[in-house]
Amino acid sequence: MEKLTLEKAKEINASMVTEEHLLLHAANVSAAMGAMAEHFGADKERWEAVGWLHDYDYEKYPDEHLAHTEAPLLEFGVPEEDVRAILSHGYGGCTDVEPVTDMEKSLFTVDELTGIVQAAARMRPNGITDMEVKSFMKKWKDKRFAAKCDRGLILKGCEMLGMEIRDVSEIVINGMKAKAEELQLTGKQD
């Protein structure tokens, strides 16, 4: 495979992932990664594809996350640098693959951040469609809100990127807004 496409990533992911909430998380991270790619002037579809595949082994091996990812993805023909990016999102937790490229640092950061953005959007009547970064930052500062999302890890990722949390959040929100319907974040429309 010369390049990992979003279509191919979805096909590969479907061979392991069936749970709706994990598929939705993959879609959220994919949308965020596409927005980060645009920010860095990189290949949007490739970054979206890596985002879609990042939790490939999580459903079947939650206690051994990323231990069952590298060999199968390489067998599918996923380029080594894309597999490395996927492995790097577990840095410090379940892998020792340190994020060094913009793609790797972005995936490391947005994986958890999309969870807080998604939770904040679900509390709003219009979902993410009219969410501004200012209102999101209020939720961010409330440590009890989406408490399972590791803010320290997100901030570490922002530091790696050399960016402020507010700026990364704005990029992620806009990326997720563009796919609000697919992400089920349009709110409670009548």
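Me: What separates Glu 11 and Lys 8 within helix α1?
Reply: About one helical turn. The two residues sit three apart in α1, which spans residues 6–14. This is a predicted model.

Me: Why is the contact between Glu 11 and Lys 8 called a salt bridge?
Reply: Their closest N and O atoms are 3.1 Å apart. The cut-off is 4 Å between a Lys or Arg side-chain nitrogen and an Asp or Glu carboxyl oxygen. The value of 3.1 Å is within that limit, so the pair qualifies.

Me: What makes Glu 11 and Lys 8 partly exposed?
Reply: Glu 11 has 49% relative accessibility. Lys 8 has a relative accessible area of 25%. Partly exposed lies between the 20% and 50% limits, so both residues take that label.

Me: Why do Glu 48 and Lys 179 count as a salt bridge?
Reply: Their side chains meet at 3.3 Å, N to O. The pair links distant parts of the chain, 131 residues apart. Glu 48 belongs to helix α3 (residues 44–53), while Lys 179 is in the segment after α9 (165–177).

Me: Buried or exposed: how is Glu 48 classed?
Reply: Buried. Its relative accessible area is 7%, and the label needs under 20%, so Glu 48 passes. Lys 179 comes out at 23%, which makes it partly exposed.

Me: How do you know that Arg 84 and Glu 104 form a salt bridge?
Reply: The N to O distance is 2.8 Å. Arg 84 lies in helix α5 (residues 80–88) and Glu 104 in helix α6 (residues 102–122), so the bridge ties together parts 20 residues apart in sequence. Arg 84 is partly exposed at 31%. Glu 104 is buried at 3%.

Me: Which residues do shared partners join into one network?
Reply: Lys 3, Asp 43 and Glu 45. Their salt bridges share partners.

Me: How many salt bridges does the model have?
Reply: The count is 10. Side chains of opposite charge can pair when their charged atoms come close.

Me: How many disulfides are there?
Reply: Zero.

Me: Why is Cys 94 left without a disulfide?
Reply: The closest cysteine sulfur, in Cys 149, is 16 Å away. A disulfide needs two sulfurs within 2.5 Å, so this pair is too far apart for a bond. Cys 149 is in no disulfide either, with its nearest cysteine sulfur, that of Cys 158, at 14 Å.

Me: Buried or exposed: what is the class of Cys 149?
Reply: Buried. Its 16% is under the 20% limit. Cys 94, at 39%, is partly exposed.

Me: Where does Cys 149 appear among the pockets, and what else lies there?
Reply: The largest pocket holds about 360 Å³ of space. Of its 14 lining residues, those closest to the centre are His 21, His 25, Gly 115, Gln 118 and Cys 149. The elements giving two or more residues to this lining are α2 (20–40) and α6. The lining divides into five nonpolar, five polar and four charged residues.

Me: What makes up the lining of the second largest pocket?
Reply: It has 15 lining residues, with Asp 55, His 65, His 89, Asp 111 and Glu 112 nearest the centre. The pocket volume is about 260 Å³. Helix α6 gives the most to the lining, three residues. The split is six nonpolar, five polar and four charged.

Technical notes. Residues numbered from 1 in each chain as written. Predicted model: local features only at pLDDT ≥ 70, side-chain atom pairs only at ≥ 80, totals over all residues. Heavy atoms only, no water. Buried < 20%, exposed > 50% of the residue type's maximum accessible area, 1.4 Å probe, protein only. Helix = DSSP H or I, 4+ residues; strand = E, 2+ residues; numbered from the N terminus. 1 Å grid on protein atoms, 1.4 Å probe; cavity = no way out; pocket = protein on both sides within 12 Å on 5 of 7 lines; lining within 4 Å. Points joined across faces, edges and corners; volume = space filled by probe spheres on them. Nonpolar A, V, L, I, M, F, W, Y, C, P; charged D, E, K, R; others polar.
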